Amino acid sequence: SGSYQEFCQCINAAQKLVVVDFSAEWCPPCRRLGEVLPSIAESNPHVQFLKIYIDESRDVSNHYSVSSIPHIKFLKAGQDGQVQELASVIGADIPQIKAKIGQFTGQ
């Protein structure tokens, strides 16, 4: 739950790349992705991972027009509190998610 404004505060507070997993309990590919993301998070301690359940956080999901899930967004704190969207990956595309993390962190 939580508003888009709270979400932005969270991203801005992170001061690093934030990978947001838009997900739902009823979505099998989301569950599969949810099993893999923790290990990706472990090998990327310089990145923050957030999970957003679209049914509970409609404000955030609507802001980003998330219609198909799983949907991954790569965000970071921008100037003047505006959250910057760097990229998104639709679907449980693990290689693409890893590639984007590498691209945006220079790792």
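**Asking why in a predicted model**

Reader: Which residue in E2 is the bridge partner of Ser23?

Author: Tyr53 is the bridge partner of Ser23 in E2. Keep in mind that this is a predicted model.

Reader: What makes E1 and E2 count as paired strands?

Author: Strand E1 (residues 18-23) and strand E2 (residues 48-53) are joined by 6 bridges. The cut-off for pairing is at least two bridges, so these strands pair. They run parallel. Between them, the chain goes from E1 through helix H2 (residues 28-42) to E2, a β-α-β crossover that is right-handed.

Reader: How are the 4 strands ordered in the sheet?

Author: The order is E2-E1-E3-E4, in an open sheet with mixed pairing.

Reader: Why do E2 and E4 stand at the edges?

Author: Each of them has a single partner strand, so one side of E2 and one side of E4 (83-90) is left without a neighbour in the sheet. Neighbouring strands here are turned by 25 degrees against each other on average, with direction ignored.

Reader: How do you know that E3 and E4 pair?

Author: Count the bridges again: 7 of them join E3 to E4. At least two are needed, so E3 and E4 are paired. These strands run antiparallel, and Lys76 stands opposite Gln84 in E4.

Reader: Which helices pack on the sheet?

Author: H2 does, touching E1, E2 and E3, and its direction makes about 160 degrees with that of E2. Helix H4 (residues 94-105) packs on the sheet too, touching E1, E2, E3 and E4, and its direction makes about 155 degrees with that of E4.

Reader: Why is His71 called buried?

Author: Its relative accessible area is 5%. Buried means under 20%, so His71 fits the word. His71 is found in strand E3 (residues 71-77), and its side chain makes a polar contact with the side chain of Lys73 at 3.0 Å. Leaving out residues up to four places away in sequence, His71 touches several others, among them Val20, Phe22 and Ile90.

Reader: And Phe74, buried or exposed?

Author: Buried: the relative accessible area of Phe74 is 0%, so this residue falls under the 20% cut-off. Phe74 is in strand E3 as well.

Reader: Which residues touch the most other members in the largest nonpolar core?

Author: Of its 19 residues, those are Phe7, Ile11, Val20, Phe22, Tyr64, Ile69 and Leu75. Helix H1 (4-14), E1 and E2 each give two or more residues to this core, and H1 gives the most, with 4 residues. A second, separate core of 13 residues includes Val19, Phe74, Val89 and Ile97. In soluble globular proteins, nonpolar side chains tend to be buried together.

Reader: What makes Gln15 an exposed residue?

Author: Its relative accessible area is 64%, and exposed means over 50%, so the label holds for Gln15. Gln15 is in the loop between H1 and E1. This residue also has a positive phi of about 55 degrees, although it is not a glycine.

Reader: Why is Ser65 called exposed?

Author: Ser65 has a relative accessible area of 55%, which is over 50%, so Ser65 is exposed. Its place is in the loop between H3 and E3, and its phi is positive too, near 50 degrees.

Reader: What is the omega of the peptide bond from Ile69 to Pro70?

Author: Omega is near -5 degrees, and the bond is cis. Pro70 has its place in the loop between helix H3 (58-63) and E3.

Terms used. Residues numbered from 1 in each chain as written. Predicted model: local features only at pLDDT ≥ 70, side-chain atom pairs only at ≥ 80, totals over all residues. Heavy atoms only, no water. Right-handed = clockwise from strand over helix to strand, strands pointing away. Buried < 20%, exposed > 50% of the residue type's maximum accessible area, 1.4 Å probe, protein only. Polar contact = N/O pair within 3.5 Å; in protein donor to acceptor, adjacent residues only side chain to side chain. Contact = heavy atoms within 4.5 Å. Core = buried A, V, L, I, M, F, W, Y, C linked by side-chain atoms within 4.5 Å. Axes fitted to C-alpha atoms, helices over the stretch in contact; angles between N-to-C directions.
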